[in-house]
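Grab a pencil and work through these exercises with the model open beside you. Try each task yourself before you read the solution.

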Amino acid sequence: MIDTASLVSDCIDYTAALTRRFRSRLTGSRQCAECAAVLHERMQSFCDGARIQRFTLHPGSFYSYTKIIPPFYALGLFMLFFPGPWMIVPALGILAGTAMMACIFGFYLHVFDRFFPSKTGLNVIGTIEPSNEPRQQIILSGHHDSAPVTRLMGPKLLPYLAITITVPYLYFIFEAGLLLYLSLTASAAAPLWSIIAAASGLPITGLYFMGVDTSRGTPGAGDNMIASAMVVLLGERIARTRRKTPSSLRHTRIIIASFDGEEAGLRGAAAYFGAQADGLRRIPAYHLNIDSIYNLAELQVLESDINGSQKLSREMADDIVRIASGLGIRVRPFRMVFGGGGTDAAESARAGLRSTTIIGLPTTVVRRNMVYHTAADTADHIEPEAVEACLKIIAGYIEEKEAAVRQVQASNAGRP
């Protein structure tokens with residue numbers, strides 16, 4: 001059994017040290033690249049092989065719709081006072097921005113990336129080989145980039161988050177429809193009530209525009225440096241145990257991954273699994289991703305991802321719930337809802353691998369006292385009990401999968 005209790009304080013301390021040193025790690029930034037280099041150096045000290053995967057991404061695309069739709073809305077409101085065929089321009093701008101939101105955030109597609117400046121992302125990948133021929137592989141992952149500061153997640157606005165991200169679209173669709181109707185029917189003027197209704201949406205549209213500060217990154221301790229710290233330090237412990245006791249890891253290859261670009265639409269995981277999927281499918285592969293670990297009481301395992309549109313491995317989720325229960329830990333299965341976003345497990349699932357994510361934050365519609373995606377996301381908001389529970393679950397999952405493959409090997413060896 002891997003001793004995980006002694007790792008808890010090390011994981012939190014390592015997270016605190018990295019987030020103090022690299023406080024803002026927007027993907028493509030110098031601080032994010034330097035953090036990746038530090039993680040790579042640590043992995044080199046214990047992995048059989050460690051490398052940095054460079055990839056190109058366009059991080060400006062991910063929140064672009066929040067900066068595109070509101071100006072067209074304001075322009076459309078102005079044009080309501082001057083009716084004419086030109087009103088179709090802001091209408092199409094609003095509809096195009098809404099379509100971008102559906103593609104970029106709704107389904108995490110890359111269709112608009114090439115319209116934005118490119119940057120270089122850095123995934124850090126390490127491998128721990130078993131003492132015998134590998135018969136399966138388990139990918140443990142977190143991500144080291146941090147999110148842009150989301151003002152809508154601040155303490156005053158957080159309880160109203162569902163309203164502030166959905167109500168603007170009622171105004172957007174209303175005004176776009178009004179503008180299209182007036183421009184296509186050559187109406188002389190907009191009814192006064194419609195102008196008043198559109199004008200009433202300006203404050204919340206402005207809040208929508210200002211909701212994400214794309215120039216400033218969070219410290220990202222809980223989301224998601226703690227996950228990278230956990231998989232790296234647990235990998236270090238596994239490698240040390242294997243060196244002392246080779247029989248502890250006979251047939252399971254462990255891949256440690258700290259992805260970049262998660263906060264820009266899962267781009268790092270997409271680059272990794274896009275390049276490695278064929279090799280990973282040669283023997284059974286299981287991707288266990290960790291994301292946003294804050295509270296023990298909120299531990300959940302995902303059955304779906306990307307706003308509920310991407311199925312994850314129900315088998316893995318059931319295994320996690322069962323293993324956790326055996327350890328006296330409560331983990332709830334959770335299907336991602338629209339607005340919840342996505343995790344890196346979605347990209348491995350898209351590549352045809354079995355995958356799931358463990359999270360540890362509230363997922364209710366009304367949420368309070370969260371530091372997720374804010375400047376307050378520091379290590380002191382991470383519950384040690386949540387970290388310990390996650391480490392135990394991961395270790396238990398590895399041990400169970402290793403025991404299962406040994407049993408198969410022993411059964412095959414006994415056949416005539």
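**Exercise 1. A pair within one helix**

Is Arg-30 buried or exposed, going by its relative accessibility?

*Solution.* First, the ground rules: this is a predicted model, where local features need pLDDT of at least 70 and side-chain atom pairs count only at pLDDT 80 or more, while totals for chains, interfaces and linings use all residues. Residues are numbered from 1 along each chain as its sequence is written, and side-chain values use heavy atoms, with hydrogens and water left out.

Step 1: get the cut-offs straight. Buried means under 20% relative accessible area, exposed means over 50%, and partly exposed is in between (1.4 Å probe, protein chains only).

Step 2: apply them. Arg-30 has 56% relative accessibility, so it counts as exposed.

Step 3: look at its partner. Glu-34 forms a salt bridge with Arg-30, and their closest N and O atoms are 3.1 Å apart. (A salt bridge is a side-chain nitrogen of Lys or Arg within 4 Å of a carboxyl oxygen of Asp or Glu.) Glu-34 has a relative accessible area of 32%, so it is partly exposed.

Step 4: place the pair. Both Glu-34 and Arg-30 sit in helix 2 (residues 30-44), 4 residues apart, which is about one turn of the helix. Helices here are DSSP runs of H or I with at least four residues, strands are runs of E with at least two, and both are numbered from the N terminus.

**Exercise 2. Pairs across the chain**

Which parts of the chain does the salt bridge between Arg-42 and Glu-236 link?

*Solution.* Step 1: check the contact. Arg-42 and Glu-236 form a salt bridge, with the closest N and O atoms 3.0 Å apart.

Step 2: find the two ends. The pair links distant parts of the chain, with Arg-42 in helix 2 and Glu-236 in helix 8 (residues 221-244), 194 residues apart.

Step 3: check the cover. Arg-42 is partly exposed at 28%, whereas Glu-236 counts as buried at 16%.

Step 4: try another pair. Arg-151 and Asp-213 also form a salt bridge, and here the closest N and O atoms are 3.4 Å apart. This pair links distant parts too: Arg-151 is in the loop between strand 4 (148-150) and helix 5, and Asp-213 is in strand 5 (residues 212-217), 62 residues apart. Arg-151 is partly exposed at 35%, while Asp-213 is buried at 11%.

Step 5: step back. The structure holds 18 salt bridges, and Glu-303, Arg-314, Asp-318 and Arg-335 are linked in a network of them.

**Exercise 3. Cysteines**

How many disulfides does the structure hold?

*Solution.* Step 1: know the test. A disulfide is a pair of cysteine sulfur atoms within 2.5 Å.

Step 2: count. The structure holds 0 disulfides.

Step 3: see why for one cysteine. The closest cysteine sulfur to that of Cys-35 is in Cys-32, and at 6.6 Å it is too far for a bond. Cys-35 itself is buried at 0% relative accessibility.

**Exercise 4. A covered strand**

How many of the residues of strand 6 (residues 252-259) are buried?

*Solution.* Step 1: count. Strand 6 is mostly covered, with 8 of its 8 residues buried.

Step 2: split the strand by direction. Thr-252, Ile-254, Ile-256 and Ser-258 point one way, Arg-253, Ile-255, Ala-257 and Phe-259 point the other way, and all are buried.

Step 3: find the neighbours. Two strands pair if DSSP finds at least two bridges between them. Strand 2 (residues 119-128) pairs with strand 6 in the antiparallel sense over 5 bridges, while strand 3 (residues 136-143) runs parallel to strand 6, joined by 8 bridges.

Step 4: zoom in on Ala-257. Ile-125 stands opposite Ala-257, and Ser-141 has Ala-257 as its bridge partner.

**Exercise 5. Two alanines**

What separation do the C-alpha atoms of Ala-221 and Ala-74 have?

*Solution.* Step 1: locate Ala-221. Its place is in helix 8, and it is buried with a relative accessible area of 0%.

Step 2: read off the distance. The C-alpha atoms of Ala-221 and Ala-74 are separated by 37 Å, and the two residues are 147 residues apart along the chain.
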